[in-house]
Amino acid sequence: MPSAIPETQATVTIPEPKGFPLIGHVASIDKEFPLGSMTALADQCGEIYRLRFPGRTVVLVSTQALVNETCNEKRFKKAVKAALDEVRKGVHDGLFTARMGEENWGIAHRILMPAFGPLSIQGMFDDMHDVAAQLALKWARHGSNSPIMVTDDFTRLALDTLALCSMGYRFNSYYSPTLHPFIEAMGDFLTEAGTKGRRPPLPSIFFRAEDQKFDADIDVLRSTAREVLEARKAGGSDRHDLLAAMLKGVDSKTGKKMTDESIMDNLITFLIAGHETTSGLLSFAFYQLLKHPEAYRKAQQEVDDVVGQGTIRVEHLAKLPYISAVLRETLRLNATIPLFIVEPFEDTLLAGKYPVKAGETIVNLLAKSQVDPLVFGDSANEFKPERMLDEPFERLNREFPNAWKPFGNGMRGCIGRPFAWQESLLVMTMLLQNFNFVLQPNYIFGMKQTLTIKPKDMYMRAILRDELTPTILQQRLSGQVVAKTKEVKKAAAAGPSGGSGVPITIVYGSNSGTCESLAQRVATDAASHGFSVTKIDCLDSINGAIPTNQPVVIITASYEGQAPDNSGHFVSWMEGLDKTKQSLKDVSYAVFGCGHKDWSQTFHRIPKLLDTTLAESGATRVVEIGLADVSTGKVFADFEEWEDNVLWPALASRYNATSDINAGPKLGVNVAISTPRASTLRQDVKEAVVVRTETLTATDYGKARKKHVEIRLPETTTYSSGDYLVILPINPKANVHRAMRRFHLPWDAHLEITTDGPTTLPTNTTLAANDILSSYVELSQPATKRDLLLIAEAAEDDETKSALNHLAGEGFDAEVSTKRVSVLDLLERFPSVDLPIGTFLAMVPPLRVRQYSISSSPLQNSNHVSITFSVLHEPSLSGQGPYFGVATSYLDHLSEGDTVHVAVRPSHAGFSLPSDPERTPIICIAAGTGLAPFRSFIQERAAMISSGRRLAPAILFFGCRSPDVDDLYREQLDEWEKLGAVDVRRAYSRVPEKSESCKYVQDRMWKDRDDVAQLWSEGAKVYVCGSRAIADAAKEVFIKIKFDMEKGEDGEMDFESTEKWFMSLRNIRYVTDVFD
């Protein structure tokens, strides 16, 4: 075999992860989501690594430089192996699966190239529009409250479009509840083709059922293609489509025509390659736009400017540079075919040092190379369409060739790219022109993989814009003249409450569920104040369409100055309003906001922004904004104060509403459950299993014990270092028993709840009282003034009434709020009060999820996740028994094999390891369980180093009480320190003599300030995790270090300018995760 490697050339062994005898790395690749395993191994091993499978080896490259090298068609050719070799069994030597030199590929390619030219593709526009209009009308007719399975409907769209445009065949997917058998067979065929190459080396009899299904799927594909071909040959069609070109075309080089078998091969190839990729692209594009409201607004504004409210024409598509950039950026981050395979003609060296044999498979891992930080910088993993506008896109391809490769390479690149691009532009334009969209609440991004990738289980709602109805939309899409619609869509006279009264809209922005719960309270109370709720929904549901014939109540949180996930589009729209036009002059509104004072720079930013922008745009403020500080624990009390004493009186006065106490919610309760509590509480969590628990502190530790819990995640759930694990807990048994005793409920009591108002309790079924009190309500939630008044109303003797009224009045702050006295505490304190349990359940809020930093790395085990926490068990401030932390008490009692409801939530963009760990040092600062995310970071770095990567330095400043008591994960950190993954600098508050006289982490930072300054000058990123006290102390020392650095360089910076400098770095090079 010839070799291109000089005999004297120094070589470097390609890294390999640990494998097993005989099967090699078969077990290293996730059968359901192999791409996830490949990218994780790239994170671990670096720019290149080799995997071994029975009978073959595979080299994977993951940087732009290496991909660019393998795109040299003089040294490398397309490899049709593994999965593609299996696909050949269904489509033989079609355009996508032909081997180099096969004659049928050349004939088909030369015949079909003109058919994919610009004029031919433009000629398909009407057919594309026909199918896209079917999709739009389906979504319009299903209504704004119907969740849409995004990938399914885009699959139908892409398949129907391809079939109609290429061969004049209608699958009519939108007129059947089930997909055409061809689609199901194709999906199963592609999945099995990808799986077969990763089978363990066992006799074929072990896979007989899979092989029989594989063959049956091929029969379905070929029989459908044969049916289409025969129908066209018999019908004498005059269509000028791809099928006509294949039937009539003559190859200019050989003079041959395509055979029927070759035509069938390529018909199936078009449908496979085209529909899977386009449907994935559209699904990912809408996911990215829905997660990035500013980009969504720009894309929609471009459609409005170019197309307006008229019919979309083919010439419009060339005038949409921003939407083109959205599609390019989507394909950069989520290339639907996330890799392509080549092989060298002869033995060669990659990057001049990595030896690869002739014919060895090389996988170009686009999922990594297209986010190469050397090309795209620190924002490589962020969605930024602006970098893909025409001019920067052209510059990118000049400066970094082959940095963007979603359509394959060279002669074997995607022949259907112009078709897919026109279809995608048209569909994006049509949908953004006519709809706004709301992503499924708490959607957790995941991917489903066959030969291509798509978002997994993604749902969204489609809400018609511009006062459109399905009928008017049909007229617009068909090109009929439509009368100009009104500016804002009016709400229906009666809505969810179904009652009489003044219409009112209630909207919320909420991630954790608190503001949604407050909105539900307003909806519950509305009828008793003379109002009828026409809509209760998230803020994004009124994006661009605030009702004008009724008051709008807005309740929203602010997260580090950012909008909640379900209100970002509304906020972006508000920020883009031209205030001089006074476009909201017919709107009346009220705003209540929640925030956390620890984020002082952005405290209540979003509610204040909405309140001010609405007023400046002409809207009428019905009442002054109400605000609550989450850190005080008085959110519900503050809200009720505003609702009862400010909101309802003002609304009643303005709208002449008449209060009707008999119209309030009926709270008769006997509870049973017909749905799991996760869905009843509207929490998007799934069942996971506890693998291991461990106490991390010494047995004589006087403070809250520290624990480690390891959990096996639900299938397909993935995470990254720095992410959070959300837990849906169960109330402590002691509190549940207190409630059972207080309401004189026997241990086997069952309740059935019925209510006319909105509730997060399970209704119209029976459930054990113990289960309801354990799993559905917050028993420890501090009581509000309204709660106290309701209890006082139920009291029979004057002394009790007087005492409760006092607590609801002047005694509230000192004796209830500060001491966090719950409704249950009050009922125990006043045992003579006979409060119905139904009233009690209506008073306490729904059980909410808790969030913990993940303390493990997916590079260690992508299916397992761990959390680290302190168990809260201390005397209660109310003086009534001990206080149990709801979630930590629940977690503390978990054992191996227990089931727990969890979800993964991503951290904010800054709180993750640098994208180029070889070049960017890190400094981590924590005390106690604030160590959790840094254990994850260091474990990940250790895995990288063990696989041969050379990383930039990392320092961990960690504070605890004593090395013998709570020096968390000491043995592991020592091992990782020896490996070079971290340099740990400790501070022991009880024995500072054992930590170089440093009592707290800030003391250790100052002592080691030269090392901090050195790493900072090398581009280090700083992370802080812990209490507000830790964060403030670290900030103060860091500013002092910076000031000291500037003084040493004869700089002019003073403390004030240093502070400004520091604030400019927040969430960029200095990121915090604060909890109290």
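The legends below describe three close-up views of a predicted model.

**View 1. The open five-stranded sheet and the helix lying across two of its strands.** Five strands with parallel pairing form an open sheet in the order β31-β30-β29-β32-β33. Its edges are formed by β31 (983–988) and β33 (1070–1074), each of which pairs on one side only, and neighbouring strands of the sheet are turned by 10° against each other on average, direction ignored. Within the sheet, β29 (residues 922–927) and β30 (residues 954–960) are joined in the parallel sense by six bridges, and I925 stands opposite F957 of β30. Helix α33, which spans residues 970–979, lies across β30 and β31 and runs at about 145° to β31.

**View 2. Helix α7 and the glycine that follows it.** Helix α7 comprises 18 residues (150–167), and the distance from its first C-alpha to its last is 25 Å, close to the 26 Å expected at 1.5 Å a residue. Of these 18 residues, 17 are buried, so α7 is largely enclosed by the rest of the structure. Just after the helix, G168 adopts a positive phi of about 65°.

**View 3. C414, a position listed in UniProt, in a loop between two helices.** The unreviewed UniProt entry lists C414 under "binding site", and in the model this residue is found in the loop between α16 (390–399) and α17 (417–434). C414 has a relative accessible area of 41%, and because this value lies between the 20% limit for buried residues and the 50% limit for exposed ones, C414 is classed as partly exposed.

Definitions and conventions: Residues numbered from 1 in each chain as written. Predicted model: local features only at pLDDT ≥ 70, side-chain atom pairs only at ≥ 80, totals over all residues. Heavy atoms only, no water. Pairing = 2+ DSSP bridges. Helix = DSSP H or I, 4+ residues; strand = E, 2+ residues; numbered from the N terminus. Axes fitted to C-alpha atoms, helices over the stretch in contact; angles between N-to-C directions. Contact = heavy atoms within 4.5 Å. Expected span 1.5 Å × (residues − 1). Buried < 20%, exposed > 50% of the residue type's maximum accessible area, 1.4 Å probe, protein only. UniProt positions renumbered as here; feature names shortened; annotations may be inferred.
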